[in-house]
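Please find below a short note on the charged contacts of the model under discussion. It is set out as numbered points.

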Amino acid sequence: MERKKPLEHTSLLVLSLLKGQDLYGYQMITELERRSDHTFHMKEGTLYPVLKKLENGGLVTAYEADANGRTRKYYHITRAGLKQLSAEQAEWEKYAHGINSVLSFQPG
């Protein structure tokens, strides 16, 4: 049985989820799982501290709205959040390129 690996780069993933639309917590969890082809499963205990940190840093804002008769807390990426997302994405792409270069190296 394969062990679940710890989820890293959570702020990059959360900001990416919010780039296209405002979402509430459970939506983020299910959308991350769907977009990652069930590779990632973020638990609420991981997500909400990340959201709080992003909110405190001015990278996301939160507001309450009605959804199917229930009040939910939605999160919205700010301009600063978009800028941070762009920077983190560029960093990730550089890192991934380096890993892929090492993995695909053919001696000789």
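The points below take up the salt bridges and the residues that form them.

1. This is a predicted model, in which local features need pLDDT of at least 70, side-chain atom pairs count only at pLDDT 80 or more, and totals for chains, interfaces and linings use all residues. Residues are numbered from 1 along each chain as its sequence is written, and side-chain values use heavy atoms, with hydrogens and water left out.

2. The structure contains two salt bridges (a side-chain nitrogen of Lys or Arg within 4 Å of a carboxyl oxygen of Asp or Glu).

3. One salt bridge pairs Arg34 with Glu31, with 2.5 Å between the closest N and O atoms. Both residues belong to helix α2 (residues 25-35) and are three residues apart, about one turn of the helix. Helices here are DSSP runs (H or I, at least four residues), numbered from the N terminus.

4. Arg35 also forms a salt bridge with Glu31, and here the closest N and O atoms are 2.8 Å apart. Arg35 and Glu31 are four residues apart in helix α2, a separation of about one helical turn. Through shared partners, the salt bridges join Glu31, Arg34 and Arg35 into one network.

5. As to accessibility, Glu31 is buried, at 15% relative accessibility. Arg34 is exposed, at a relative accessible area of 55%, and Arg35 is partly exposed, at 44%. Buried means under 20% relative accessible area, exposed over 50%, and partly exposed in between (1.4 Å probe, protein chains only).

Definitions and conventions
Helices (H or I, at least four residues) and strands (E, at least two) are DSSP runs, numbered from the N terminus.
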